[in-house]
2 protein chains.
Amino acid sequence: MQGLMMDYPLTLQHAYNRAVRIFPRKEIVTRTEDGIHRYTYREWGKRTAQLAHALHNAGFQEGDRIATFGWNTYRHLELYFAVPCLGAVLHTLNIRLFAEQLVYIINNAEDKIIFVDGDLVPLLESIAGELKTVKQYVIMGEAPQSSGKLHPSVDYESFIANQPETYDWPQLDENTAAAMCYTSGTTGNPKGVVYSHRSVFLHSMGVGLADGAALSERDTVLPVVPMFHANAWGFPHAGIMMGSKFVLPGRFLDPLKIAQLMAEEHVTVACGVPTIWIGMLQMLEREQLDLSSLRAIYCGGSAVPRSLIEGLNHKNLNIVHAWGMTETSPLASLCKLRSYQLDLPLEEVFRIKAKQGTVLPCVDFRVVDMETGQEVPWDNKSYGELQVRGPWIARAYFADTESAAKFAEGWLRTGDVAVVDEDGMLQLVDRTKDLVKSGGEWISSVELEGLIMGYHKVLEAAVIGIPDQKWSERPLACVVPKPDYVGQITKEEIIEYLTPHVAKWWLPEDVAFVEAIPKTSVGKFDKKVLRARFEA
Amino acid sequence: MQGLMMDYPLTLQHAYNRAVRIFPRKEIVTRTEDGIHRYTYREWGKRTAQLAHALHNAGFQEGDRIATFGWNTYRHLELYFAVPCLGAVLHTLNIRLFAEQLVYIINNAEDKIIFVDGDLVPLLESIAGELKTVKQYVIMGEAPQSSGKLHPSVDYESFIANQPETYDWPQLDENTAAAMCYTSGTTGNPKGVVYSHRSVFLHSMGVGLADGAALSERDTVLPVVPMFHANAWGFPHAGIMMGSKFVLPGRFLDPLKIAQLMAEEHVTVACGVPTIWIGMLQMLEREQLDLSSLRAIYCGGSAVPRSLIEGLNHKNLNIVHAWGMTETSPLASLCKLRSYQLDLPLEEVFRIKAKQGTVLPCVDFRVVDMETGQEVPWDNKSYGELQVRGPWIARAYFADTESAAKFAEGWLRTGDVAVVDEDGMLQLVDRTKDLVKSGGEWISSVELEGLIMGYHKVLEAAVIGIPDQKWSERPLACVVPKPDYVGQITKEEIIEYLTPHVAKWWLPEDVAFVEAIPKTSVGKFDKKVLRARFEA
């Protein structure tokens, strides 16, 4: 028997219409070259409709991929809604990718048009000759260093000028593609994740949950995370749906500039990767700024170090550890203390806040033994691969034939290794491919690295497994000393430093002192290169 | 182009699995004859699975309507999930309906089995002979006054005993019916609203939004609203999904008993109709109770009087005005002050809190002129019928051929008359059929009644339109004096009292003093009866 409820599709058109009608006076603030650009949802709504008309009149259609190459600005927020509400697909390009990856991505997605911020024009010009499907460039703002290689191109303001200020959106099925974003793996080509209206809508509801990021009309939201990273973690869509005030930093990502913007605009919620907040914490040691309006910093992308959680706590700032991937829209879990954890000693609270926490409603998970394929016990110590499923989790990549194994039995295999406590709180311990297996037991390279980097003479450390006849694998620590300690640090003192903190068999078999840890295009340790170097 | 996200259905099975796995230690507390019954989600989950097995083994199948006739208890909460997770349909019967309506509803729904609380057995026995489809009764708890007319019957605990404690739920489409509830209109037969898994799931997310009821794991929820009224406003489903602690009052609805339970269990959120809170406010004038844990009282079902909002505010209690109908799952709007209203003077705050407020995400609305069918301007004064649509709004009634006009052009016609301010905040002024049309202008009977009932000599007042040759209709006030003032109150003093508060043409044409206002089965003024009496 079927229910008798309306067959009303979950689309971004609903969010757009709601925002424009119900929150017309709410503000969207952007830092620009000239200072502050400020307008209301009412104006944003009109310009978004104008943009939709301009795209439609220029011949772009439902299903077309429309790319952006830009910072977090009001124009980007117009594109975030105009494109999917038209039925087209917003493809946000990561401005930090290597040129060859960008070329691959744009050609793989078959982007028809690229909207590019003026200051990024030279970057795009360097690859324009290799783009096979792009028919039009739209330049947002001044492009002082343009050499004119983007052709044909038009200025954004001219493009949308004189268009009608409302749009009668087409009827869309909720499974229509809304946006796409490529992941940059360490192996193979980048993979395109294609979000649907339904997935973005549900994810926005998730971000708005009291036990999600609790985004509300009363919030002022500053996404530091780029709008080209997994929809800026869904905060733009959710914030527009809830009627939040937005503060967008443009290309001004210096910690002091961001903190000043937070103070001036009374930001209540921010989100970004740990690097940003590590920089801000250092800056706050020197500068006096009133950030008392900030109720939460949502932080993910890589594990949040406990030292950062404690440091921000000392400044009365609340950082919330979140976890997700491009394939998970991305918010899949976040660490909010449970009701029965609120009165724990501070030491215990920090330990819990360093976990990736509780999955959101709509996210189902299991943690599977990497050899037997069986679910591991929830004992907070058994290792297994984290696998997730749900309505905002990817089921496949775009135009890809290599990755079927990533989506096994209806689950996304995250490649992350987790332990789970008896209440289902998750903690990630490593990537599956980076775990070291010694004598049949797992050693977390991430945990060892974190410990070694806590030693005062160490700048960076990466741990890899090296083949061992007796134990099958043993950990090797690759260590970069701080400049003052080059040649002044020994294997023995590192082992001695580690000894009280880990089981004896976790202690690295050897320590190699290196000049630098090789990195991938997105700044993560490239252990593939290290393994190749040390295999013998 | 379609998105590439998982086709994962939104079902209550997800909420059940989540709750049992992630929140095993959270409590469900019920007041019973014997004091307090207390168990954890872990035990609730086991018993819910046992109940599902018992139903399955007794031959009940997907699509079967399984009815409940009971109070808010842990057993009712087991039924709330066991039945829909099986693919069957939970039909909650209103224990306060007239016998003939109950008979109609049970036969119309074709209920196969009824779960009945022990103390309610005599009520059900009185109609058992007329029930055509019921094959089984299950009695929950002791039934001291049973005469044995419910046949065959079994005790709930015996029914579920010795069944396995987990259930491998069947795969369900998200549009599968999950629950049904009949509305009791003042005309015609009751109408059955059939909720789907999708609608209940989305509504639960809505209840969990920071700008919804913000239900969270940290909340302790006490639904005073009966579980037979539109799913107790969705709080049981949402609370289970979020991991809230539950406190269920059973049949003990006396304001003092409820307040004591709130104080003892540190309840943070309660919900119920205004009558309950009016009674509690009076009780709090006499009794000292610590209700400081209570962060919000969600109140709807009928308009919340401003005097109640103010009175609770003086006790440091925050009442939130919500609006919905059985057909809207029911939460459609609630009144949370906007960011730019927080610093208004208290007088203004109370005026705003008396509105029905802002629709939730997923709820779309329009307010339509009752004669032209055009949308009225959002000027906070133009009257029109409120119409809503969305994924948790009914599109039709069950086995009904009379009500097509209620669902026009994809909208539910609520029968409520609203004004809207420029930011889309709603205020209901009347029911369409109760508005008085005088000289081409509308007069709100509800507003006049509210004013008249503020006069110190008046107990109750109902305003109806009576035919008038010149003005087409004019308002007649039917007034019940307080016992001390019978014969001591005149038409003139009521008119004089009203004069400063309303436009001259709103003043009642006449005042009729009556002994009582006739009421419907659910306690609302029955203006149909009044109109018949005063038409001449």
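## Exercises: salt bridges and an interface

At 35% relative accessibility, Arg413(B) counts as partly exposed. That's a handy way into this predicted model, so let's work through some exercises.

**Exercise 1.** Work out which residue forms a salt bridge with Arg413(B), and what parts the pair ties together.

*Solution.* Start with the partner: Glu385(B) pairs with Arg413(B), and their closest N and O atoms are 3.1 Å apart. Now place the two: Glu385(B) is in strand E18 of chain B and Arg413(B) in strand E20 of chain B, so the bridge ties together parts 28 residues apart in sequence. Last, check the accessibility of Glu385(B): at 7% it counts as buried, because the cut-off for buried is under 20%.

**Exercise 2.** Do the placing and the burial check for the salt bridge of Arg75(B) and Glu157(B).

*Solution.* Their side chains meet at 2.9 Å, N to O. The pair links distant parts of the chain, with Arg75(B) in helix H3 (residues 74–86) and Glu157(B) in helix H6 (residues 156–160) of chain B, 82 residues apart. Arg75(B), at 13% relative accessibility, counts as buried. Glu157(B), at 29%, is partly exposed.

**Exercise 3.** Now hop to chain A: find where Lys26(A) and Glu217(A) lie, and say whether they are buried or exposed.

*Solution.* First, the contact: the two side chains form a salt bridge at 3.0 Å, N to O. Next, the location: Lys26(A) is in the loop between helix H1 (12–22) and strand E1 (27–32) of chain A, and Glu217(A) is in the loop between helix H7 (197–208) and strand E10 (220–223) of chain A, so the pair ties together parts 191 residues apart in sequence. Finally, burial: Lys26(A) and Glu217(A) are both buried.

**Exercise 4.** Describe the interface of chain B and chain A, starting from its area.

*Solution.* The buried area is about 6,600 Å², and carbon and sulfur atoms give 60% of it. On the chain B side, Met1(B), Met5(B) and Met6(B) lose the most area to chain A, together 14% of what that side buries. For the residue count, each chain puts in 80: 80 residues from chain B and 80 residues from chain A. Then the charges: the rule finds six salt bridges across the interface. In one salt bridge, Glu174(A) meets Arg198(B) at 2.8 Å, N to O. Polar contacts come to 36 residue pairs across the interface. As for elements, H7(B) gives the largest share of the chain B side, seven residues. By class, that side has 44 nonpolar, 16 polar and 20 charged residues.

Note on methods. Residues numbered from 1 in each chain as written. Chains lettered and ligands numbered in written order. Predicted model: local features only at pLDDT ≥ 70, side-chain atom pairs only at ≥ 80, totals over all residues. Heavy atoms only, no water. Contact = heavy atoms within 4.5 Å. Buried area = accessible area lost by both parts, 1.4 Å probe. Salt bridge = Lys/Arg side-chain N within 4 Å of Asp/Glu carboxyl O. Polar contact = N/O pair within 3.5 Å; in protein donor to acceptor, adjacent residues only side chain to side chain. Helix = DSSP H or I, 4+ residues; strand = E, 2+ residues; numbered from the N terminus. Nonpolar A, V, L, I, M, F, W, Y, C, P; charged D, E, K, R; others polar. Buried < 20%, exposed > 50% of the residue type's maximum accessible area, 1.4 Å probe, protein only.
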